[in-house]
Amino acid sequence: MATIYIDNVPYEVKPGKNLLEACLTLGINLPYFCWHPAMGSVGACRQCAVKVFKDEADTKGRLIMSCMEPVRDNIRLSVDEPEAKEFREHVIEWLMTNHPHDCAVCDEGGACHLQDMTVMSGHNYRRYEYKKRTYQNQYLGPFLNHEMNRCIQCYRCVRFYKDYAGGHDLDVFAAHNHVYFGRHENGVLENEFSGNLAEVCPTGVFTDKTLKQHYTRKWDLTMAPSVCQHCSLGCNISAGERYGSLRQITSRYNGEVNGYFICDRGRFGYEFVNSPARIRKALVRTHLPEAVTKEVALQEIWGELRQARLIGIGSPRASLESNFALKALVGENNFHLGVDENDQDLVDLSLKILRKGPARNFSLREVETADAVFILGEDLTNTAPMLALAVRQSVRQQPLAQVAQASIPFWQDAAARELVQDKKGPLFIASITATKLDEIATATAHASPDAIARLGFAVANLISENSPVVTHLSEAEETMAQQIADALKTAKKPLIISGCASGSEAVLKAAANIAGALCEQVKTAGIVLTVPECNSLGLAMLGGHRLESAFEAIQNGYADSVIILENNLYRCANKTAVDSFLGHAKEVLVLDHLHHATTEKARIVLPAGTFAEADGTLVNNEGRAQRFYQVYPTPEDLQESWRWLINIGTSLRHPVLSNWKNLDDINQALAEADNQFKGILAAAPPAEFRIAGQKIPRESHRFSGRTAMNAHHAVSEPKPPEDPDTPLTFTMEGYRGEPPSSIIPFFWSPGWNSIQSVNKYQEEIGGHLHHGDPGIRLIEPVQTNLTHYFSEVPEDFAPLQNHLFMVPLYHIFGSEEQSILAPGIAQRAPEPYVAICEADAHALQLKEGNNLDFSLEHQIIRLPVKINNDITKGTAGLPKGLPGVPYAELPAWAIILKQETTWKHQPQIIS
Amino acid sequence: MFSILRSMGLTFLHAFHKRDTIQYPEEKAKLFPRWRGRIVLTRDPDMGERCVGCYLCAAACPVDCISLQATEDETGRRYPEFFRINFSRCIFCGFCEEACPTYAIQLIPDFEMAEYNRQNLVYEKKDLLINSQGKYLGYNYYKVAGMAIGGKGKGEAINENPPVDVKSLIP
């Protein structure tokens, strides 16, 4: 530790940081713009000036930019020195000369770093009397609004977009005081992380366009800590509500998971919560009208299910509590996982690899620090976007060694990037088709899942002799395997990334073998496996029977009624099978928040709360259990799935469920029932948790309009809603200090209204939150010297005459069931297609856009062809989950139908 | 004894003084323009709504009796979709007027708003918006702020240069 003197007070700080970071870590308010903890310093804005003195006798000192000066032992500096203060005030006065003075109509207002810093610097009167520079704005797509007049030229946007997120279509144009940040022409920002610009930009140049449609100031939002539901990574988010609708998602800092950022699907996919397709009332199909009250619905359920032989179908997108409640209600033997056969195998295998394997399952933060990465069969940008962003940072690790050698601190961003130039650390990608990460990869291979697995097995064999041998490899594959093995072996922190997206067990096994082989030599090797949904891993840990066996149970009469939890079965099983299943069942009860094909067939539909209207726990792909909290109170009929299940259990006099009252009861029961879930009690504080006898408020102290917002219904204000499940309140009353990290509804600190206030919640800037980051890891690797190797090396892929091997392709905007209902996401989703390579297209006499007819698992499908030369000959890519593309268990062989075939069936549309 | 007589005398004298009490409601009290009474929403000199839905009045309100929702017309001009004041809670402190950056919300010298039914004290935008500039004449927020709206493009506000040509090489 180094000692620094700030205004003659000695402080102990960590060496290696810059003075700005040191000051902020110590809680000293020092204004800044261009510096960002994730992106380092460039010294562009001159706002963080402080005085540095030679020694005690020096009274004159010199002005320096604190973000550019490393911490040195015994350095003496002054933040409050009059000249430094005056300098900062002048700088902000200059920055404000062209400011459009439109805070009243600016979406950033109230959460604006520029406002905060202006107040902090003391500038309050405009002396500049000349004309203001103005700009034309650009159309940037459905996610971001552009208002260039507000720009203060800090360069954060391009540094994030180009340097950090690897985007190509945002840049800085023109010169001198005409500098312009935008695209070369109007158009949609292509990068998948563009939404972060709204948070990265210290002013209102880039703002959230979806928020603009129902604009609310930050101080008026009712916010709760939440977890993103749109992929398996479990990024932390803060969700904000006003007047009963969800308004905004912002990233919630978690030093172990997503850090400062989230992807666009997570940020803009929330609008499904406000969708007209929501189920808001309990429906009983035999009633007229169908919509009934909670009591009538429960009465009906009691009447029907009292005598029934029940089975339950869980869901990978429902919380652990809801799934466990269903499992408890129907009994362990009658609980089925609502996932497709292949996915269940793959997730089970992933879980086994993480549990039994010697390699550590890396968190996203650890991925960023890996120095050699091998990705097998995953298109990360589309399946687990934030993981792709983390991988982008990991390729900087090896070149940064050179920066360290040149004694340049890492946070000296411009200098470090200048020295590194285009050098990239080792990143190898073996994927089905080209991915966005290919541009930073050392070498890539685009192949069928089996060929990817063979390459993986070959790499494992080259690292450790104990891993099985792969025969009949082509020369190119052998060289690549050798190259990968060498890079991984020499790395200090190698990482293998794979997952369920390729639909192949062999790929997962190959990944496990490489990780195992690496662990024989490098103990710090890591593995990351992505899973299909936000709680896939949690559901697999909970365990249950296959979906197929649920179908059989109903068809063979072992059971007659079924409860389906937050699941559209048409997305995880064949249409005919589901039709016959739902047809045979006497009673079909569906709990969900959106209308879909399965709720159409249900006799009783119960309105379940989405992530914004429910509390629960999710287990992400790392095995981290994280709690998400209800954002706003809902009408009584709309409630958490687990609460519905408790209600049903109570009415059926279920011995266990009748005793449960709230979330903590379920968690307690879950922790007692299953040893692997012991940790979840520590994932978040219980409902009785209080600080100074008070709960934590979801609303800011400046929350407005509470005596008027419902006055048009009734002028007498109702009793504030209560929250029996969490230590949070739905009002503005409660403890105003810093809550524990897992229940921080929003980041705010006096003088820091913007998201930058997260500085005040961190142990050290860019590090962990105070008292540790939220979430509990439920899975830790076993320490063993004996690695178990999978031995089933697959045969190489061979094309079949008149057949195409259908492999799944993913789209960040479109493949996920819920986010696609957000209008912005839907606008970015591609049209349905089937991707084949040029050779195949030629052989079939098809051109781009022509229709290809094929039969897949007994369904005839017609889709327009998209030529994609990265697809292996003989295989075809079918976009998974995209509206208009019917469900099929992939990968699978499709039979090509001749063009002359009479067209009998219209292509089926899955809604 | 003397003091009692004096007091009685003084009291008696008051019978000949000018009355402070007025015969309300026949006779109206004289109120000054800055008297803080009923709240109205005013219009700018071009008769456009002045309120831009910035939420500052709501935030400033100590009894939280103002609630609104901002929205935008197709040209980008902001206005409140609804604007509601619960006068049964209002304390006529005038903080909302002070906070308003556009002179939209103003307190006027009118206090005759008593109701038998409390629900009638909830005023919606149609009850609040008047066809007048109120106390502050001549101010138009959008003429000052750099947002483009219908009829006013970029660089056309007061004290603004025309928009920069990004592709120009001239220094």
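## The largest cavity

Let's start inside the protein: 28 residues line the largest cavity, and those nearest its centre are A:Ala111, A:Glu199, A:Lys218, A:Gln248 and A:Thr250. Keep in mind as you explore that this is a predicted model. The largest cavity holds about 360 Å³ of space, and the structure has 12 cavities of 30 Å³ or more.

Which parts of chain A supply at least two residues each to this lining? They are helix 5 (197-200), strand 10 (206-208) and strand 13 (245-251). Strand 13 of chain A gives the most, with four residues. In chemical character, the lining of the largest cavity is a mixture: 11 residues are nonpolar, 10 are polar and seven are charged.

## Two helices that cross

Now look further along chain A, at helix 16 (residues 449-463) and helix 17 (residues 475-490). Their axes come within 8 Å and cross at roughly 50°. An angle from 35 to 65 degrees counts as oblique, so helix 16 and helix 17 of chain A are oblique to each other. The crossing of helix 16 past helix 17 of chain A is right-handed.

## Where the helices touch

Which residues make the contact? On helix 16 of chain A, they are A:Ala451, A:Leu455, A:Ala458, A:Val459, A:Leu462 and A:Ile463. Helix 17 of chain A brings A:Glu477, A:Met480, A:Ala481, A:Gln482, A:Ile484, A:Ala485, A:Leu488 and A:Lys489. Sorted by character, the residues of this contact between helix 16 and helix 17 of chain A comprise 11 nonpolar, one polar and two charged.

How values were computed. Residues numbered from 1 in each chain as written. Chains lettered and ligands numbered in written order. Predicted model: local features only at pLDDT ≥ 70, side-chain atom pairs only at ≥ 80, totals over all residues. Heavy atoms only, no water. 1 Å grid on protein atoms, 1.4 Å probe; cavity = no way out; pocket = protein on both sides within 12 Å on 5 of 7 lines; lining within 4 Å. Points joined across faces, edges and corners; volume = space filled by probe spheres on them. Nonpolar A, V, L, I, M, F, W, Y, C, P; charged D, E, K, R; others polar. Axes fitted to C-alpha atoms, helices over the stretch in contact; angles between N-to-C directions. Parallel < 35°, antiparallel > 145°, perpendicular 65-115°, else oblique. Left-handed = near helix turned anticlockwise from the far one by under 90°. Contact = heavy atoms within 4.5 Å.
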